[in-house]
Amino acid sequence: MLFSLDSPAQDIQFSQFYAAALYQNPAFAGTTHNVRAILHQRIQWPKLNSKYMTSLLSVDKYFANARSGAGLMFIKDYQGGTNISSTEIGAMYSYEIYLNSRYTFRPGLQLNYVTRYVNYADARFPHGHNDDGFQGNYIDYGNSRVHFADVSTGGIFYSDKLWIGFSAHHINTPNQSVFGEVTDLPAKFAFTGGYKFLLSNSGFKTTYDQKEVSITPTAHYKFQGKADQLDIGIYGVYDQLKAGFWYRGIPVKKLKQDLHNNESLIFLVGWKYQSYAISYSYDFGISKLATIRTGGAHEINLTIIPKPSHKKHKPMRRLPCPRFRDTD
């Protein structure tokens, strides 16, 4: 891949896509109608030397007087150990539009500053070898770092039980090449949605300590360039506990005659205590890649939403996205 001046690439993919809310869609900024902090970690293929690691930190807040949400996000991603890395700092804004007494639309906008880096120090190329073995790299590959701005947008249509979202990332298709060539990052488009079936009558009460019992089927489809992927599954919440199951792949689509588009099964467990919610998911590979025992992928998410004060405030339009019960 390092020899290619024009190589295809896709974005980071999270199994707990709903838990990394601001990464999924800038319209999610402020949707808790409170302050929210998210720490998210993904480790993919840990049994391989070229494991992929991604860390995400985000903070967002709702401003009631302006019916707006604002957020900040930091992402650090390593590909192939530490040889290839990227750093992203993003800011996003969203605005609530009340369509009627039941439905709300929330558009959002995001601006990121991205730095990508390639470390050639540990890379070995054929020209660096002779009969005596590896002699070192003697070619100057030029600039190993690139900086660019990245623009994204999105929107969410929702009621107290239904949500449908759309997002478009990299709409300015920035040049991401570190070689001085033109290698535009293709735009990524995503659709997500779900419906919450409430099994108890207290889940949408305004009291913070009310118990929620619900099940929520969800789907998340995205495509970027020639690559596309579908996550579909269901999760349930019983008071402080959460569990879910997802399938990733497009079974009706064949990549080749004998190669089906089956990627992984995803298992999720989670627990909430007061203002803290923690969840863990594991990707069990079901593609042909699973035969080499990659170790799958692990994700852990910590979300902090402070308990609201007891001051009286105007009731908010709640978004029933996959998470523990609302705290507004």
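**Figure 1. Strands β13 and β14 of the predicted model form an antiparallel hairpin.** Strand β13 covers residues 213-224, and strand β14 covers residues 227-238. The two strands run antiparallel and are joined by twelve bridges. One of the residues taking part is histidine 220, whose bridge partner in β14 is aspartate 231. Two residues lie between the strands of this hairpin. Glycine 225 in the hairpin adopts a positive phi near 60°.

**Figure 2. Phenylalanine 166 and phenylalanine 191 form an aromatic pair.** The structure holds 13 aromatic pairs, and the view shows one of them, in which the ring centres of phenylalanine 166 and phenylalanine 191 are 5.0 Å apart. A pair of aromatic rings is described by the distance of the centres and the angle of the planes. The planes of phenylalanine 166 and phenylalanine 191 stand at 45°, so the pair is classed as tilted, a term for angles that are neither under 30 degrees nor over 60. Distant parts of the chain are linked by this pair: phenylalanine 166 belongs to strand β10 (residues 162-169), whereas phenylalanine 191 belongs to strand β11 (residues 188-195), and the two residues are 25 residues apart.

**Figure 3. Five aromatic residues form one cluster.** The members are Phe166, Phe189, Phe191, Tyr221 and Phe223. Phenylalanine 166 has a relative accessible area of 34% and is therefore partly exposed. Phenylalanine 191 also counts as partly exposed, because its relative accessibility is 39%, a value to be judged against the limits of 20% for buried and 50% for exposed residues.

**Figure 4. Serine 15 is a buried residue with polar side-chain contacts.** Serine 15 is found in the segment before helix α1 (21-24). The relative accessible area of serine 15 is 2%, so the residue is buried, a class that requires a value under 20%. The side chain of serine 15 makes a polar contact with the side chain of aspartate 283 at 2.7 Å and another with the side chain of arginine 42 at 3.2 Å. Not counting residues up to four places away in sequence, serine 15 touches Arg42, Arg248, Ile266, Ser281, Asp283 and Glu299.

**Figure 5. Charged side-chain ends sit over aromatic rings.** The charged end of arginine 67 sits over the ring of tyrosine 98, at 4.6 Å from the ring centre. The charged end of lysine 61 is placed over the ring of phenylalanine 63, at 5.5 Å from the centre of that ring.

How values were computed:
Residues numbered from 1 in each chain as written. Predicted model: local features only at pLDDT ≥ 70, side-chain atom pairs only at ≥ 80, totals over all residues. Heavy atoms only, no water. Helix = DSSP H or I, 4+ residues; strand = E, 2+ residues; numbered from the N terminus. Buried < 20%, exposed > 50% of the residue type's maximum accessible area, 1.4 Å probe, protein only. Polar contact = N/O pair within 3.5 Å; in protein donor to acceptor, adjacent residues only side chain to side chain. Contact = heavy atoms within 4.5 Å. Pairing = 2+ DSSP bridges. Phe/Tyr/Trp six-rings, centres within 6.5 Å; stacked < 30°, edge-to-face > 60°. Lys NZ or Arg CZ within 6 Å of the ring centre and 35° of its normal.
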